[in-house]
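The following paragraphs lead through one protein chain and the ligand bound to it. Please keep the sequence and the structure in view while reading.

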Amino acid sequence: MSIRVLPDHLVNQIAAGEVIERPASVVKELVENALDAGARLIEIDIEAGGAKLIRVADDGGGIAPAELALALCRHATSKIASMEDLESVRSLGFRGEALPSIASVSRLTLASRQAGTSLGHRVEASSGGVSVPQPEAMRPGTRVEAWDLFYNVPARRKFLKAERTEFGHIEDWVRSLALARTDVEFRLSHNGKAQLPIRPAHSGERQRLRAVLGPEFAERALEIDVEGAGARLRGWVGLPTDARSQADQQYFYVNGRLVRDRLIAHAVRQAYADVLFHGRHPAFVLHLALEPARVDVNVHPAKHEVRFRDGRTVHDMIYRSLHEALAGTRAGGVVATPMPAPEVEGAADATPAPVGSYRQVPLHWPQAAQPLASYRALYAVTDAAAAAPVHPETEVPPLGYALAQLHGVFILAESAAGLVLVDMHAAHERITYERLKSALDASGATHSQALLVPVQIAVSAREADLAEQAGQRFEALGFDVARAGPESISVRRVPSALADLDIEALVRDVLADLREHGESARIEETRNELLATLACHASVRANRRLSLPEMNALLRDMEATERSGQCNHGRPTWVQLDKAALDRLFLRGR
Ligand code: ADP
Ligand code: MG
């Protein structure tokens with residue numbers, strides 16, 4: 001075959017292969033256009049999972065009649081005009097690909113009325129041609145209809161899933177767009193039935209979280225709001241004890257754009273290391289705002305991925321802010337799992353217990369570590385403070401005072417709010433673990449030991465460079481890793497706690513992390529796993545009788561220990577039943 005230039009229509013269909021994967025991608029592109037046009041209300045109507053019809057109508061700025069046909073041309077955009085514009089782009093679109101791509105794989109109608117004009121115009125596009133604009137009476141804004149998606153691409157049409165599945169993907173996108181823009185109202189319908197009631201924009205951000213992610217997340221998530229290094233990170237992260245079996249509630253936006261990014265995922269995972277039950281996934285909604293020039297959004301046709309110019313700074317910011325917020329999940333500091341409210345009539349409208357961000361519920365209890373280790377099996381109870389409330393009545397500590405031990409497993413305590421139950425083993429385990437960690441962190445590298453025979457590891461030149469650069473980091477963790485040749489490194493010292501492990505495998509994994517993410521927490525993680533095992537063995541077992549002073553000492557330690565709201569496996573260490581809930585149980589006050 002001789003060389004030829006492909007006709008435009010075919011070029012668009014090929015481009016559509018990348019941008020338009022399924023009905024949900026059409027919805028995403030059209031809603032993003034509406035947002036770029038400044039819409040405050042976006043109505044999305046779907047028929048047959050999007051295979052029959054996708055209609056998106058907005059109240060944004062609109063398109064001039066003379067430009068309707070142009071909007072359907074490839075590489076036609078009003079959003080950028082030069083390379084400099086691309087570097088500072090704040091709109092969601094800029095490639096001028098979506099409308100022509102959608103038009104090439106569906107029967108498309110584009111109707112628009114510009115603000116300040118009295119009449120709208122409509123064009124129709126199919127098989128590469130665009131009709132002459134026809135006047136149409138309509139509200140100001142733009143309406144796009146894509147009928148019979150992939151009618152001319154049988155291979156794609158065949159791969160469309162069941163209506164429900166395709167609509168599910170659409171719903172997912174609308175959810176994520178609704179979280180990105182809490183100032184915009186979204187209405188979604190499927191086969192004429194209203195779906196996903198997303199309240200008007202003015203009802204506020206918490207309200208939107210509640211509508212999209214449910215009341216539990218909206219009420220209990222920790223609020224994040226940090227600024228630094230020319231960036232701002234804000235949003236909400238779910239409590240570790242509320243983690244999910246799927247990573248289905250993880251929303252990260254960079255300048256308003258939802259992205260899936262390995263660097264971000266890594267920073268989040270690292271922040272939750274230690275507090276998450278194995279195999280569980282935290283829920284979060286986070287917005288990162290930074291200068292557009294610091295992030296390249298033009299690395300993926302559908303823009304699901306971005307590239308940060310200073311990935312390390314971004315990684316650090318995310319890790320640190322989340323880590324700090326989660327460290328505040330002390331028992332009593334934020335509300336742990338409340339007991340399920342009794343199912344009685346009217347319970348639903350009762351005021352919920354005061355829960356929420358770690359900022360809103362500050363720890364007013366003195367933080368000074370109290371030397372109360374008396375609940376530990378071996379020493380006699382010496383601390384009088386543990387025995388009796390020395391604090392004024394008005395200052396009952398958050399977890400209250402112990403009343404009894406139940407079934408050798410739980411501590412029952414009376415708090416100012418109501419009644420508290422503590423899983424004593426789980427709580428003690430976390431406290432012991434945090435102490436072991438702090439002790440080891442404080443003692444630094446002194447706990448390392450020299451290997452009789454240094455471990456030689458053959459690596460790539462790139463990895464050897466990395467090992468050399470990371471020398472100080474290794475050292476701080478008790479390792480001595482040095483370059484032994486162009487493609488080999490040797491390990492001469494290791495932290496005593498890890499001496500019995502497969503050093504080569506560990507160092508290789510660390511290098512792989514450094515190569516992938518410029519960062520590795522593997523040594524800490526491995527060390528922490530060991531400490532967790534130790535802590536488990538060192539902690540009070542079920543059926544060990546505790547005296548009241550011992551129990552009170554444990555409660556005070558929980559209040560003072562970071563992350564003590566959940567055990568080392570991410571399960572809650574305590575629950576609270578407040579007075580209102582107790583009243584409800586007995587139908588009091590009715
Ligand atoms: P891009 O969004 O990358 O610019 P599109 O193909 O999605 O490319 O859209 C082409 C152009 O059509 C946009 O740049 C914009 O000027 C115009 N347009 C598309 N949708 C809308 C809309 N809903 N409201 C106003 N203008 C729109
Ligand atoms: Mg667009």
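Two helices, α2 (23-36) and α5 (98-104), each contribute at least two residues to the shell around ligand 1. The larger share comes from α5, which gives the most to this shell, with three residues. The model is a predicted one, and the shell is a convenient place to start in it.

In total, 20 residues surround ligand 1, and those that come nearest are Asn 33, Thr 77, Ser 78, Lys 79 and Gly 96. Sorted by class, the shell consists of nine nonpolar, seven polar and four charged residues.

Several contacts involve oxygen atoms of the ligand. In the side chain of Ser 78, an N or O atom is 2.5 Å from an oxygen atom of ligand 1. Ala 98 takes part through its backbone, where an N or O atom lies 3.3 Å from an oxygen atom of ligand 1. For Leu 99, again a backbone N or O atom is involved, and the distance to an oxygen atom of ligand 1 is 2.9 Å. On its own, ligand 1 has 530 Å² of accessible area, and the protein covers 92% of this.

Helix α5 also holds Ser 104. Is Ser 104 buried or exposed? Its relative accessible area is 1%, and the limit for a buried residue is under 20%, so Ser 104 counts as buried. Which residues does Ser 104 touch, apart from its neighbours within four places in sequence? The contacts are with His 9, Asn 12, Gln 13, Ala 16 and Asn 152. Within the helix, a polar atom of the Ser 104 side chain lies 2.7 Å from the backbone oxygen of Ser 101. Gly 129 is 25 residues away from Ser 104 along the chain, and the C-alpha atoms of the two are separated by 9.5 Å.

Further along the chain is helix α8, which spans residues 205-213. Its buried residues are Arg 208, Leu 209, Val 212 and Leu 213. They lie on the same side of α8 because the arc they cover around the axis is only 100 degrees. What do these buried residues pack against? Their partners are the helices α7 (163-180) and α9 (215-220), together with the strands β8 (185-190), β11 (231-237), β12 (250-254) and β14 (284-290). After α8 comes Gly 214, which has a positive phi, near 95 degrees.

A second helix can be read in the same way. In α14, residues 461-469, the buried positions are Glu 463, Ala 464, Leu 466 and Ala 467. These residues cover an arc of only 160 degrees around the axis, and therefore they sit on the same side of α14. Among the elements that cover them are the helices α15 (471-476) and α16 (503-517) and the strands β21 (480-485) and β22 (488-495).

The last step is to view the chain as a whole. It contains 19 helices and 23 strands. Of its 590 residues, 48% are buried. Among contacts in the chain with a separation of 6 or more, 71% are between residues 24 or more positions apart. The chain exposes about 28300 Å², of which carbon and sulfur atoms supply 54%.

Notes
Residues are numbered from 1 along each chain as its sequence is written. Chains are lettered from A and ligands numbered from 1 in the order in which they are written. This is a predicted model: local features need pLDDT of at least 70, side-chain atom pairs count only at pLDDT 80 or more; totals for chains, interfaces and linings use all residues. Side-chain values use heavy atoms; hydrogens and water are left out. Buried means under 20% relative accessible area, exposed over 50%, partly exposed in between (1.4 Å probe, protein chains only). Helices (H or I, at least four residues) and strands (E, at least two) are DSSP runs, numbered from the N terminus. The arc is that of the directions from the helix axis to the C-beta atoms. Contact means heavy atoms within 4.5 Å. A residue is near a molecule or strand if one of its heavy atoms lies within 4 Å of it. A polar contact is a pair of N or O atoms within 3.5 Å; within protein, one must be able to donate a hydrogen and the other to accept it, and residues adjacent in sequence count only if both atoms are side-chain atoms. Accessible areas come from the Shrake-Rupley method with a 1.4 Å probe; for residues, only the protein chains shown count as cover. Ala, Val, Leu, Ile, Met, Phe, Trp, Tyr, Cys and Pro count as nonpolar, Asp, Glu, Lys and Arg as charged, and the others, Gly among them, as polar.
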